[in-house]
Amino acid sequence: MSAPALSPIGQAFVVAAFLEAITWSGLLIGTFFKYQTASVDLGLSLVALFGRAHGLAFLVYVVVTVMAGVRQRWPLWALLLGVLAAVPPLVTVPLGIWFRRIGLLSPRG
């Protein structure tokens, strides 16, 4: 069984969730290099790059999540879970998969 089609805001949510997770990954990798290896300069560069990128991706994800929740008329639990998923690393992608599977990202009919 294939996942339901995505609405335009659902597509934006999936993209924002993916970018948020990718930038989280880059920030975690940079932090590893900064504190756990002799490559402190590389770590500092990665942390600076991905720190800024993640800050922007986090804000975009939260805005898109709130917009999706309002436009798609999500229940309050889904909206809160969507916003809170940005806090722990790499949770936005599985949440997006689950939200798609249960139809929260599908066109409203």
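User: I'd like to start with the aromatic rings. Which residues do ring pairs link into a cluster?

Analyst: A good place to begin! Ring pairs join F13, Y61, W74, W77, W98 and F99 into a cluster. Please keep in mind that this is a predicted model. Over the whole structure, a search turns up 8 aromatic pairs.

User: How do I read a single pair, say F13 and F99? What is the distance centre to centre, and what is the angle between the planes?

Analyst: Look at two things: how far apart the ring centres are, and how the planes are tilted. Planes under 30 degrees apart count as stacked, and those over 60 as edge-to-face. F13 and F99 are 6.0 Å apart centre to centre with 20° between the planes, so this pair is stacked. The pair ties together distant parts of the chain, since F13 sits in helix 1 and F99 in helix 4, 86 residues apart. Both residues are buried.

User: And how does W77 pair with F99, stacked or edge-to-face?

Analyst: W77 and F99 meet edge-to-face, at 6.5 Å centre to centre and 80° between the planes. This pair, too, links distant parts of the chain: W77 belongs to helix 3 (residues 76–84) and F99 to helix 4, with their positions 22 residues apart.

User: Are W77 and F99 buried or exposed?

Analyst: Here you read the relative accessible area: under 20% is buried, over 50% is exposed, and partly exposed lies in between. W77 has 43% relative accessibility, so W77 counts as partly exposed. F99 has a relative accessible area of 0%, so F99 is buried.

User: Let me step back to the whole fold. How many helices and strands does the protein have?

Analyst: There are 4 helices and 0 strands, giving the pattern α-α-α-α along the sequence. The C-alpha atoms fill a box of roughly 55 × 30 × 20 Å along the principal axes. Of the 109 residues, 33% are buried. The protein exposes about 6,400 Å², and carbon and sulfur atoms supply 74% of that area.

User: What share of the contacts joins residues at least 24 apart?

Analyst: Count the contacts between residues at least 6 apart in sequence: 68% of them join residues at least 24 apart.

User: How can I check the length of helix 1? What should its 29 residues span?

Analyst: Compare an expected span with the one in the model. At 1.5 Å a residue, the 29 residues of helix 1 should span 42 Å, and the end C-alpha atoms are 42 Å apart, so the two agree.

User: Which helices do the buried residues of helix 1 pack against?

Analyst: They pack against helix 2 (40–71) and helix 4 (92–101). The buried residues of helix 1 include F13, A16, A17, E20, W24 and L27. I22 also lies in helix 1, but at 41% relative accessibility I22 counts as partly exposed.

User: E20 is on that buried list, and it carries a charge. Which side chain of opposite charge is nearest to E20?

Analyst: When you find a buried charge, look for a partner of opposite charge. For E20, the nearest is R52, 17 Å away, and E20 has no salt bridge. E20 lies in helix 1 (residues 8–36).

User: Which residues is E20 in contact with, leaving aside its neighbours within four places in sequence?

Analyst: Those contacts are H54, A57, F58, Y61, A86 and T92. You have met Y61 already, as one of the residues in the ring cluster.

How values were computed. Residues numbered from 1 in each chain as written. Predicted model: local features only at pLDDT ≥ 70, side-chain atom pairs only at ≥ 80, totals over all residues. Heavy atoms only, no water. Helix = DSSP H or I, 4+ residues; strand = E, 2+ residues; numbered from the N terminus. Buried < 20%, exposed > 50% of the residue type's maximum accessible area, 1.4 Å probe, protein only. Lys, Arg positive; Asp, Glu negative; His and termini not counted. Salt bridge = Lys/Arg side-chain N within 4 Å of Asp/Glu carboxyl O. Contact = heavy atoms within 4.5 Å. Areas by Shrake-Rupley, 256 points an atom, 1.4 Å probe, with all protein chains shown as cover. Expected span 1.5 Å × (residues − 1).
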